[in-house]
Number of protein chains: 2
Amino acid sequence: MNLSLHGNRVSTVALPIPGPGRGSARRVTFIGGEMTLAIRTVLCDLLGIEYPIIQGGMAWVATGELAAAVSEAGGLGMIGAGNAPPEVVRKEVHKARSLTSKPFGVNVYFMSPYTEQVIDMLVEEKVPVVSTGAGNPGKYVPRLKEAGAKVMSLVASVNLAKRLERAGVDILVAEGMECGGHIGEIATMPLVPQIVDAVGIPVVAAGGIYDGRGLVAALALGAVGVQMGTRFVCAKECTVHPNYKRAIIEARDRSTVVTGRPTGHPVRVIENKLARQFLELERKGASKEELEALGVGKLRAAVVDGDVEYGSVMAGQVSAMVKKEETCREIIEDVMNGAERVLARLSEIRAGSPVFR
Amino acid sequence: MNLSLHGNRVSTVALPIPGPGRGSARRVTFIGGEMTLAIRTVLCDLLGIEYPIIQGGMAWVATGELAAAVSEAGGLGMIGAGNAPPEVVRKEVHKARSLTSKPFGVNVYFMSPYTEQVIDMLVEEKVPVVSTGAGNPGKYVPRLKEAGAKVMSLVASVNLAKRLERAGVDILVAEGMECGGHIGEIATMPLVPQIVDAVGIPVVAAGGIYDGRGLVAALALGAVGVQMGTRFVCAKECTVHPNYKRAIIEARDRSTVVTGRPTGHPVRVIENKLARQFLELERKGASKEELEALGVGKLRAAVVDGDVEYGSVMAGQVSAMVKKEETCREIIEDVMNGAERVLARLSEIRAGSPVFR
């Protein structure tokens with residue numbers, strides 16, 4: 001019996017700490033019946049997913065295979081379109097569809113020369129979720145929504161968040177500067193509540209989130225779910241070069257650095273020879289052109305060729321927490337079970353019980 | 001009747017959302033009796049305080065008056081010793097003692113020329129809590145503990161956290177790069193769980209924390225409490241120049257910048273003419289000496305003289321959330337009542353109830 005819980009107090013029933021199992025949904029018997037307990041938020045309903053976890057649509061990294069594996073495990077898988085032409089992205093969409101019947105999405109990179117054509121393709125293919133970063137998707141929003149897509153936009157500041165809400169975006173992903181790749185300057189902890197206070201649409205937290213502790217912290221800040229990138233790079237279903245995964249697994253707390261700050265395009269990467277070269281050139285006041293030339297093709301070099309010394313190994317500050325390769329299902333189960341344990345611990349703290357002592 | 005809750009399940013009793021009142025402690029009737037509910041953690045017992053909130057011991061800003069007001073309101077007030085000679089700090093200790101009988105602490109700045117003498121004075125005065133930043137307090141720890149003080153150290157990396165645990169420190173304050181003043185590079189969200197996993201002593205979260213959402217997020221990440229700086233700068237009992245408070249109250253999400261990165265001493269300040277001068281010199285590759293010379297006396301200029309254009313207005317990324325002057329009691333009540341509301345909301349989410357929908 002799966003009870004409807006509207007307006008009910010059953011959420012406060014004492015819970016055992018969850019054992020291993022599939023995700024966090026499980027049956028609990030209590031006086032008066034039995035019900036399914038699971039952490040669910042409005043994000044789950046909006047996107048038609050089981051758990052409020054989105055996998056970041058990282059260029060080169062987020063293939064149809066990875067997206068399908070995340071969606072199959074109950075999260076929202078994302079394909080990263082990056083700079084790829086529409087037919088290449090379409091193949092990934094078909095790949096994902098061949099592997100899952102669950103919803104997934106595509107991240108569109110607005111600096112790509114193919115933005116228009118990729119959008120056309122997504123409308124044709126009726127991809128259920130489209131996320132956008134690095135630019136204002138305003139003019140495409142009505143078309144995408146007409147085609148039935150939910151539009152989700154990455155934001156790193158309050159002003160952009162407000163503009164995108166006005167443009168009709170459905171969900172905002174507030175991305176803290178601790179995440180990998182292209183970043184803003186505000187960290188997740190102060191960014192999320194500021195954006196939540198500024199808009200009326202659901203906000204997802206991204207940046208610095210690794211496990212159930214991060215998910216519950218995000219919910220506490222007012223988010224309705226999380227987006228995670230770095231941990232999914234090391235998923236077994238992720239097809240990046242093994243060297244890339246190893247670089248993340250071997251990373252320590254201070255292993256990432258930010259290049260590109262002087263030119264206004266900060267990018268977080270794992271420190272390596274390329275990163276040191278960038279920082280050295282920046283210190284010497286190198287021109288924007290010189291720095292941009294140095295960056296060309298470097299993400300591909302790391303992801304595809306496994307050159308983790310002279311390639312760009314984009315990764316977030318949680319890299320140090322990633323200790324091994326796992327399946328997407330293992331990652332999502334760990335996050336959800338961990339979150340249940342944190343919620344149980346927090347419910348104890350309200351009475352000052354020994355759990356926190 | 002104040003029940004002992006050891007091993008009890010009463011923490012899961014359904015709670016009304018707290019109304020205005022003194023802090024979060026209040027009586028709730030349930031089947032079998034009545035009890036006092038309050039968010040308490042091991043930090044409260046360790047420091048002898050009511051609420052797990054520490055006020056940052058900011059140099060020039062954190063006077064005996066501010067520390068006493070925070071302690072009187074149930075948190076832990078801190079005096080910032082900065083570069084001041086021991087007799088000046090002693091006066092602040094006496095000031096605090098004249099205003100409160102509750103515990104408070106002093107933050108010792110290890111770059112000060114008076115470190116030794118300030119430590120001697122703290123031992124003499126039997127100040128109950130001593131916090132340390134910018135250096136390893138290792139050699140002073142046994143003396144301070146012998147004198148009955150709890151030693152609390154600011155850390156921004158896992159390695160230093162482990163070293164300080166070995167040195168005998170009682171509490172670590174994990175400080176994310178979103179906080180004001182001298183900072184590290186790791187943000188609070190990824191830093192706190194990494195430090196919690198690395199050590200066995202209690203960890204307090206600092207950086208990016210403004211209200212009850214931040215407190216509960218910190219607890220979710222595994223911290224036992226929070227340290228807040230920026231919001232307390234705008235406390236009514238804080239004696240900084242009104243211009244300094246106004247600069248924080250008028251700040252927006254992207255108003256702070258980080259100077260000092262090229263010289264390895266990053267400092268977060270509100271962007272003003274001085275900050276732009278710093279950043280410009282850094283871009284030009286100015287020498288460490290030149291940059292250091294520019295910084296001399298600038299914090300004092302802002303705090304004491306109110307020069308918020310050519311002075312250093314140290315403040316964190318939560319500045320945008322600070323909207324007004326409040327008493328320390330109002331600040332602490334707001335954080336604790338907000339945290340209760342967040343915990344109530346999170347307990348609902350476990351059953352997917354409408355609160356999060």
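In this predicted model, the sulfur of Cys238(B) has its closest cysteine sulfur in Cys234(B), 7.7 Å away. That is too far for a bond, because a disulfide needs two cysteine sulfur atoms within 2.5 Å. Cys238(B) is also buried, with a relative accessibility of 3%.

Chain A offers a similar case. For Cys179(A), the closest cysteine sulfur belongs to Cys234(A). The distance there is 16 Å, again too far for a bond. Cys179(A) counts as buried too, at 9% relative accessibility. Over all chains, the structure holds 0 disulfides.

Now turn to helix 6 of chain B, which runs over residues 158-166. Start just before it, at Ser157(B). This residue caps the N-terminal end of the helix. One of its side-chain oxygens lies 3.5 Å from the backbone nitrogen of Leu160(B).

Within the helix, the buried residues are Val158(B), Ala161(B) and Leu164(B). They cover an arc of only 125 degrees around the axis, so they sit on the same side of helix 6 of chain B. The spacing fits a general rule. An α-helix has 3.6 residues a turn, so residues three or four places apart point the same way.

What do the buried residues of helix 6 of chain B pack against? Their partners are two strands and a helix of chain B: strand 7 (150-155), strand 8 (171-175) and helix 7 (188-198).

Past the helix comes Gly168(B). Its phi is positive, near 100 degrees. Helix 6 of chain B thus has Ser157(B) as the cap at its N-terminal end, and Gly168(B) follows it.

Key
Residues numbered from 1 in each chain as written. Chains lettered and ligands numbered in written order. Predicted model: local features only at pLDDT ≥ 70, side-chain atom pairs only at ≥ 80, totals over all residues. Heavy atoms only, no water. Buried < 20%, exposed > 50% of the residue type's maximum accessible area, 1.4 Å probe, protein only. Helix = DSSP H or I, 4+ residues; strand = E, 2+ residues; numbered from the N terminus. Arc of directions from axis to C-beta. Contact = heavy atoms within 4.5 Å. Polar contact = N/O pair within 3.5 Å; in protein donor to acceptor, adjacent residues only side chain to side chain.
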